[in-house]
Amino acid sequence: MNDELKPVNQKAWLLVLPVFLCVAFSAVLPLMTVVNYSVQDILAPGRTVFVGTEWFAEVMRDQSLHAALWRQLQFSMAVLAVEIPLGILLALSMPSQGWKASAVLVIVALSLLIPWNVVGTIWQIYGRSDIGLLGATLVNLGFDYNYTGNATHAWLTVLAMDVWHWTPLVALLCYAGLRSIPDAYYQAARIDGASKFAVFRYIQLPKMRGVLMIAVLLRFMDSFMIYTEPFVLTGGGPGNATTFLSQYLTTKAVGQFDLGPAAAFSLIYFLIILLLCFILYNWMQRMGTADTKEGGHD
């Protein structure tokens, strides 16, 4: 009885206080600053005029923004369409135990250790038609490859660069999901005479659903905010072929110094990412629920 009436010690919350302070200084305060800039027009240092939603309306009417958003959506969808199946296939082909498994894990993870600006520089050299392995090979095979002058070639090169850089992340996540499946499932499948596709469809894929959801969300968010790699590789060109939303924002904020429209666009950019991730997450959750019900009926 005395234990039930004993007051709960709330001092443990003090340990969380430093985290809240760090989040406040690194996220909340900068966000409030952006919100402040988005509703004001800076006439001079120390002189501002409240403009309300004027900058938001201006940004929403910007045709360049619409084009950059469309390019960004195309790129992110292409990234998911290539990297998710390729990562699953790579994880399925990796050895499950022994020294070979350790060696393959290290080799697969190497590209993830390379900084983003270095990745852009590597592919900048790699794609050159005079000294680059990729560019010279394609030219010698008869292809008129030029990622600096052809919009399609530039877009595909940026996509190939992102696939090379981040597919190992998807593969490692899927590999961890595969290794968490108990051997009893495989033994039961062998007894039932299940084919490899049936094992993948009804055992491996459902057990990987959690890590796949993480992989899809991580890759979507990261690809939707991509900046450094295409900036180093193509500078956003040729023309605006590889000018994605983040580079468009940087040009408006730093290049043109339009702080009001840039702040408004930053908030819109943030809300677009939240909305798309929310839609994607709920869609994957519904797909998982539907598959679970289907498997229960079977």
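A salt bridge here is a side-chain nitrogen of Lys or Arg within 4 Å of a carboxyl oxygen of Asp or Glu. The model on screen is predicted. With that cut-off, a search of the whole structure returns 4 salt bridges.

**Stop 1: R219 and D222**

Select R219 and D222. Their side chains form a salt bridge, with N and O 2.9 Å apart. Both residues belong to helix α11 and are separated by 3 residues, about one turn of the helix. D222 is partly exposed, because its relative accessible area is 22% and the buried class ends under 20%.

Salt bridges with shared partners connect E83, D162, R219 and D222 in one network. Add E83 and D162 to the selection to show the four members of that network.

**Stop 2: R219 and D162**

Keep R219 and centre on D162. These two residues also form a salt bridge, the closest N and O atoms lying 2.6 Å apart. This pair connects distant parts of the chain, since R219 is in α11 (residues 209-224) and D162 is in α8 (residues 151-179), 57 residues apart.

Are the two partners buried or exposed? R219 counts as buried at 1% relative accessibility, and D162 counts as buried at 4%.

**Stop 3: along α8**

Now select the whole of α8, starting from its N-terminal end. N150 caps that end, with a side-chain oxygen 2.9 Å from the backbone nitrogen of T152.

Moving along the helix, where does α8 bend? The bend is at W166 and amounts to about 40 degrees. A proline, P168, follows within four residues of W166.

A distance check between the end C-alpha atoms of α8 gives 42 Å. That agrees with the expected span, because 29 residues at 1.5 Å a residue should also cover 42 Å.

**Stop 4: the second largest pocket**

For the second largest pocket, select A91, L92, M94, S96, Q97, L178, R179, I181, D183, Y186, R190 and Q204, which line it. The pocket holds about 280 Å³ of space. Which elements give two or more residues to this lining? They are α4 (63-93), α8 and α9 (183-192). The largest share comes from α9, with 3 residues.

**Stop 5: the loop between α12 and α13**

Go next to the loop between α12 (228-233) and α13 (245-255), where P238 is found. Select G237 together with P238: the peptide bond joining them is cis, with omega about -5 degrees.

T234 lies in this loop between α12 and α13 as well. T234 is buried, because its relative accessible area of 18% falls under the 20% limit. Show the side chains of T234 and T242, which are joined by a polar contact of 2.6 Å.

**Stop 6: D130 and R128**

Finish with another salt bridge. Select D130 and R128, whose closest N and O atoms are 2.6 Å apart. How exposed is each partner? D130 is exposed, because its relative accessible area is 51% and the exposed class starts over 50%. R128 is partly exposed at 37%.

How values were computed
Residues numbered from 1 in each chain as written. Predicted model: local features only at pLDDT ≥ 70, side-chain atom pairs only at ≥ 80, totals over all residues. Heavy atoms only, no water. Buried < 20%, exposed > 50% of the residue type's maximum accessible area, 1.4 Å probe, protein only. Expected span 1.5 Å × (residues − 1). Bend = angle between axes of the 7 residues up to and from the residue. Polar contact = N/O pair within 3.5 Å; in protein donor to acceptor, adjacent residues only side chain to side chain. 1 Å grid on protein atoms, 1.4 Å probe; cavity = no way out; pocket = protein on both sides within 12 Å on 5 of 7 lines; lining within 4 Å. Points joined across faces, edges and corners; volume = space filled by probe spheres on them.
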